[in-house]
Every structure is written in structure tokens, then in C-alpha cells.
Amino acid sequence: ARTTESSAMGRNDTSDTIYVGSLKFSTDSNGLTDYFSSYGRVVNSKVAYDREAGRSKGFGFVTFEDPADAAAAVDDIRPAVVDGWTVRVNFATEKAAGGYDGGGGGGGGS
């Protein structure tokens with residue numbers, strides 16, 4: 001992902017990856033891909049899972065081929081409804097150790 005920060009808007013308009021928070025615990029990566037593919041080509045989607053509990057942590061990430069598609073998704077669908085559940089959508093921020101961070105989130109119902 002690209003990490004040039006837009007100081008005027010306080011967001012990362014050149015990132016190709018978005019954070020999706022407050023997901024239903026039953027939403028999987030395929031559900032994210034299906035929902036967000038209407039904004040452009042999704043090259044990767046991942047729901048974070050708790051290894052010990054074996055269930056979703058209630059957030060995930062979607063990576064688009066084109067950063068403009070990620071920007072369109074963030075701008076167009078707040079609040080978004082995935083699998084009948086209202087979710088939060090923001091640009092993901094890259095962690096220093098690799099991977100992404102969404103700046104918080106929370107799980108939804110099942």
C-alpha cells in the first residue's frame with residue numbers, strides 16, 4: 001500500500017487498502033469482496049480472526065487494485081451496510097511492523 005498522507009484532509013488518499021470495522025461475526029472475506037467489488041477490482045480481502053476463540057474479531061481489510069477505487073469506497077459508503085449490518089469504513093494505516101491497523105473497531109452481532 002502507498003502511504004502518502006494528505007494533511008489537508010487528514011487521510012491517506014493514495015492508500016489502496018481500507019479498514020472495515022464493526023462487522024458481523026458471520027461476515028467472511030468473500031462477503032467483503034462481494035460487497036466492495038462494485039467500487040473496483042478487489043485484489044485481497046481479509047477478516048481478522050481470533051485464533052483462540054476461532055471467530056471473527058469484527059473487522060477486516062479490503063485492498064483494491066487502484067487507490068482511486070479505495071477512495072471512492074470510503075467516500076461513498078459511510079455508513080456502509082454489509083450483510084445487513086452497519087459497518088465503519090476508513091483508510092487503513094500501515095503499522096510499523098507491517099500489516100495494517102484500522103484505528104479501532106469492534107465486533108458486531110452474529
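In which sense, parallel or antiparallel, do strand β4 and β5 pair, and over how many bridges? In this predicted model, strand β4 (residues 80–82) pairs with β5 in the antiparallel sense, and three bridges join them. Within this pairing, Val82 stands opposite Trp85 in β5. The connection is a hairpin, with two residues between β4 and β5. Asp83 lies in that turn and has a positive phi of about 55°.

**The sheet**

The hairpin strands belong to an open sheet of five strands, ordered β2-β3-β1-β5-β4, with antiparallel pairing. The edges are held by β2 and β4; each has a single partner strand, so one side of each is left without a neighbour in the sheet. On average, neighbouring strands of this sheet are turned by 35° against each other, direction ignored.

Three of the strand pairings are set out below, each with one residue pair.

| Strand pair | Sense and bridges | Residue pair |
|---|---|---|
| β1 (residues 17–21) and β5 (residues 85–91) | antiparallel, four bridges | Tyr19 and Asn90 |
| β4 (residues 80–82) and β5 | antiparallel, three bridges | Val82 and Trp85 |
| β2 and β3 | antiparallel, seven bridges | Lys46 and Phe61 |

Strand β5 thus appears in two rows: β5 pairs with β1 over four bridges and with β4 over three bridges. In the pairing with β1, Asn90 of β5 is the bridge partner of Tyr19.

**The helices**

Two helices are placed against these strands. Helix α1 (residues 29–36) lies across β1, β2, β3, β4 and β5, and runs at about 145° to β2. Helix α2 (residues 67–76) lies across β1, β3 and β5, and its direction makes an angle of about 135° with β5.

**The largest pocket**

Which elements give two or more residues to the lining of the largest pocket? The pocket itself holds about 250 Å³ of space, and 13 residues line it. The elements that give two or more residues to this lining are β2 (42–50) and β3 (55–64). These two strands pair with each other in the antiparallel sense over seven bridges.

Nearest the centre of the pocket lie Lys46, Ala48, Tyr49, Phe59 and Phe61. Two of these residues, Lys46 and Phe61, also stand opposite each other, with Phe61 in β3. By class, six residues of the lining are nonpolar, four are polar and three are charged.

Note on methods:
Residues numbered from 1 in each chain as written. Predicted model: local features only at pLDDT ≥ 70, side-chain atom pairs only at ≥ 80, totals over all residues. Heavy atoms only, no water. 1 Å grid on protein atoms, 1.4 Å probe; cavity = no way out; pocket = protein on both sides within 12 Å on 5 of 7 lines; lining within 4 Å. Points joined across faces, edges and corners; volume = space filled by probe spheres on them. Nonpolar A, V, L, I, M, F, W, Y, C, P; charged D, E, K, R; others polar. Pairing = 2+ DSSP bridges. Axes fitted to C-alpha atoms, helices over the stretch in contact; angles between N-to-C directions. Contact = heavy atoms within 4.5 Å.
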